[in-house]
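Student: Can we go through this one together? I'd like to work from the local details outward.

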Amino acid sequence: MKSDDTSRTEHADDVLLKVRDLKTYFDTDDGEVRAVDGVSFEIKRGECVGVVGESGSGKSVCQISILGLIPSPPGRIAGGEVTFDGRDLLGASKKQLRSIRGNEISMIWQDPMSSLNPFLKISRQLIEPLQTHQGLSKEEAREKAIAMLEKVGIPGPRERIDQYPHQFSGGMRQRVMIAMALLCEPKLLIADEPTTALDVTIQAQILELIKDLRRDLGTSVIVITHDLGVVAGMADRIIVMYAGRVMEVTAADKLFESPGHPYTVGLLKSVPRLDRGHEERLIPIEGRPPDTSKPIPGCPFAPRCAWAVSKCTRERPPLFEVAPGHRSACWRASEVYQARLGSKATTARVTRVEELAGRGSINESMLAELDAEGRS
Amino acid sequence: MAETLLTIENLKMHFPVYRGALVRREVNRVRAVDGLSFDIYEGETLGLVGESGCGKSTTGRSIIQLYRPTEGKVVFDGKNLCDLPENELHPLRRDLQMIFQDPYGSLNPRMTVGDIIAEPLKVHKLASGKAARERVQELMEIVGLDPRFIRRYPHEFSGGQRQRIGIARALACEPRFIVCDEPISALDVSIQAQIMNLMEDLQNEFNLTYLFIAHDLAAVRHISDRIAVMYLGKMAELADGRQIYDNPLHPYTEALISAVPIPDPEVEKTRQRIVLEGDVPSPLNPPSGCVFHTRCPYAWERCAMEVPRFEQAEPGHYVACHLIDEPMRRERVKGAKAGATSEKAASPATPSSSPASPPPDAERSEEVSA
Ligand SMILES: Nc1ncnc2c1ncn2[C@@H]1O[C@H](COP(=O)(O)OP(=O)(O)OP(=O)(O)O)[C@@H](O)[C@H]1O
Ligand SMILES: Nc1ncnc2c1ncn2[C@@H]1O[C@H](COP(=O)(O)OP(=O)(O)OP(=O)(O)O)[C@@H](O)[C@H]1O
Ligand code: SF4
Ligand code: SF4
Ligand SMILES: [Mg+2]
Ligand SMILES: [Mg+2]
């Protein structure tokens, strides 16, 4: 299944969404929060991109900015460009944006009730947009809605379409919302933590559903999550965010094989894996994420980074290309990348490399020595 | 073999459901915990997993008598806690503590950190005045909080720090057993490892026994020696962490394990995912026979009629499933499924409704109260 996903991205090399140096700031009592602080990325047609990062890293604000839904005030787009299917979104009128949102870009939120009106039968909520946006007759729209409910796995859709949202369980509501999001056959589906509120067996159902629909309809998908496991199973590429910035972006396999950013290494080593027992101790990322209401002149990860050098707190690292299509915003990106600190690296090895990195730069021969040591 | 610290026998906790505005009458009962039997060994971490609402918190609370169970026994130090009146229970409560999921809600916002941590010392008359303050400072040091913050209020701390306050409070009177109810669920991913490592260190240092409740199976596997899997108020399976992962015997455990995503695309590519159909039924009217039969891929007639007993299938490996008597059924169904997968991959997957999926939640609108 995965293999045909990859081949699809290889063929579809044209870009659907392009974001350049996006900046979204909020005015708060504590000062100006730089929620998104110069983010750039691209989404290709048919591609699934995962956005990971911890709470407050700007994942949602970034996507909401693209959709033109930032509440203003307190928010404002302080700079950047967003191009969707050849059109400029930041300069688009409210009317144009509304039509794009209902038609070409759909969203699924963590909380389905935020998109469903509790007082309306789901039939009305599904059918009306079809009538207005696609000009279908009421009967046609109803049939189409029933077919979509069936497709997302709602049993007895013909009867259940006339029920109210509260008559559905959490997992079912999420399915209804997905059906709603897909009815207009969008070019891009943005799923913001689509399964965080669900139990793991229901999460598996929903993720399989999104994967299947993506394969059938060829929709591009952005999945926002804090769970690396979720994106490991479905994303072609992954964007790692921290403090409103992109830390690393690369193909999913590469990210887990040899990450190019110390923060990504930290995430991989601090998350327990079901397939490993408790023989390995976790390496926590010490400290906590920075306050984005204060200006951060250098690298936002510096206070927690084992690799930090004096330059890191002064100068902001740009995105360096460590391998084709693999970029990392770190002054020591190529050293980190070379060290191969991905999922296969043991806790002991990562700890040793980080110790060495704290003392000075790391080269191939040091790594070779370390691995020889480890084997003996 | 480690000593048994707690023996739980046929533990039940039912919450009555009332209806009627004028004449309130009990119309039903939520069988939140419905007949659990297991031991907890001294010094171990027993992980408890299961889906939302399956009764994990209720189990933890019933064991340490925050709820007085409807039925059953909890034997600790040779005494059945369920039989003891509150005055006899009080001195034992020292030994049985709890850490809560919500580091925000579980700390009184109007008390200083010092007072919060000292509270159990006062309740159990273990220390007061200067001695209490010194003990609090020592505890703060132990859990990695700066003792100079003793006069601060909970809102001045981050989520991870608040969880440390909760841990310090639980440690204050040197307990032997701590129920950790989702202690990391509300924390950022990068902070979860800090707290898990702290809990492991404290366990080694003070020979603590944990009941570690979480819905995150990977975290539970990481921290636990043994793992108990619950479904709808019942124990489905209990075994060593490795046995649970390598050789799950209960179909629900098998599905649960296959559903947990693993942060490694290479592993994910080759994994077989068992996608369960349907939703978790309501504990207000649990299915007959085996409570899992409405979603179980292996269920047959017997499953709807007869409740499976929770029995030892292999040394130290307990399970409640009729397949133990007829293991061939599992292989047959698996063989049939394997044949069908190629077909399924070709057509868009349309999860069908399970025949016994619950009716559209008539019971959801009922009033539930304790
Ligand atoms: N309306 C708002 N007013 C002020 N600050 C805001 C507002 N919305 C978001 N922020 C701030 O922007 C930052 C990024 O928030 P965002 O919601 O994008 O994070 P996230 O990565 O989606 O986190 P989570 O995983 O918790 O959803 C945070 O610091 C948040 O406090
Ligand atoms: N005090 C109470 N009164 C009535 N019903 C209750 C009470 N506490 C729990 N329940 C019900 O008992 C069942 C089990 O609840 P419990 O909180 O133990 O589940 P849980 O496994 O801890 O779930 P979660 O993962 O969501 O925390 C649920 O159906 C719940 O609604
Ligand atoms: S730029 Fe410096 S501080 Fe930032 S991640 Fe790289 S080494 Fe660490
Ligand atoms: S007893 Fe039957 S329904 Fe229950 S888990 Fe075993 S096979 Fe499935
Ligand atoms: Mg968000
Ligand atoms: Mg609970």
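Tutor: Sure. One definition before we start: Ala, Val, Leu, Ile, Met, Phe, Trp, Tyr, Cys and Pro count as nonpolar, Asp, Glu, Lys and Arg as charged, and the others, Gly among them, as polar. Keep in mind that this is a predicted model.

Student: How many charged residues does the shell around ligand 3 have?

Tutor: Start with who is there: ligand 3 is surrounded by H261(A), P262(A), C299(A), A302(A), C305(A), W307(A), A308(A), C312(A), P317(A), C330(A) and W331(A). Sorted by class, that shell has 10 nonpolar residues and 1 polar one, and the number of charged residues is none.

Student: Over to chain B. Is helix α6 of chain B largely enclosed or not, and why?

Tutor: Helix α6 (residues 189-206) of chain B has 18 residues and spans 26 Å from first C-alpha to last, close to the 26 Å expected. Just after α6(B), N207(B) takes a positive phi of about 50 degrees. As for its surroundings, 14 of the 18 residues of α6(B) are buried, so the rest of the structure leaves it largely enclosed.

Student: What kind of aromatic pair do Y231(B) and F292(B) form?

Tutor: The whole structure holds 10 aromatic pairs over all chains. In the pair of Y231(B) and F292(B), the centres are 4.9 Å apart and the planes stand at 80 degrees. It links distant parts of the chain, 61 residues apart, with Y231(B) in strand β9 and F292(B) in the loop between α10 and α11 of chain B. Planes over 60 degrees apart count as edge-to-face, so at 80 degrees this pair is edge-to-face.

Student: Which ring does the charged end of R160(A) sit over?

Tutor: Chain B has a case to look at too: R330(B) lies over the face of Y298(B), 5.6 Å from the ring centre. In chain A, the charged end of R160(A) is 4.4 Å from the centre of its ring, and that ring belongs to F168(A).

Student: Is S258(A) buried or exposed?

Tutor: S258(A) is in the loop between α10 and α11 of chain A. Leaving aside residues up to four places away in sequence, it touches H326(A), Y337(A) and R340(A). Buried means under 20% relative accessible area, and S258(A) has 6%, so the word is buried.

Student: How far apart in space are R215(A) and G46(A)?

Tutor: R215(A) lies in helix α8 of chain A, and at 19% relative accessibility it counts as buried. R215(A) and G46(A) are 169 residues apart in sequence, yet their C-alpha to C-alpha distance is 8.4 Å.

How values were computed. Residues numbered from 1 in each chain as written. Chains lettered and ligands numbered in written order. Predicted model: local features only at pLDDT ≥ 70, side-chain atom pairs only at ≥ 80, totals over all residues. Heavy atoms only, no water. Helix = DSSP H or I, 4+ residues; strand = E, 2+ residues; numbered from the N terminus. Expected span 1.5 Å × (residues − 1). Buried < 20%, exposed > 50% of the residue type's maximum accessible area, 1.4 Å probe, protein only. Near = heavy atom within 4 Å. Phe/Tyr/Trp six-rings, centres within 6.5 Å; stacked < 30°, edge-to-face > 60°. Lys NZ or Arg CZ within 6 Å of the ring centre and 35° of its normal. Contact = heavy atoms within 4.5 Å.
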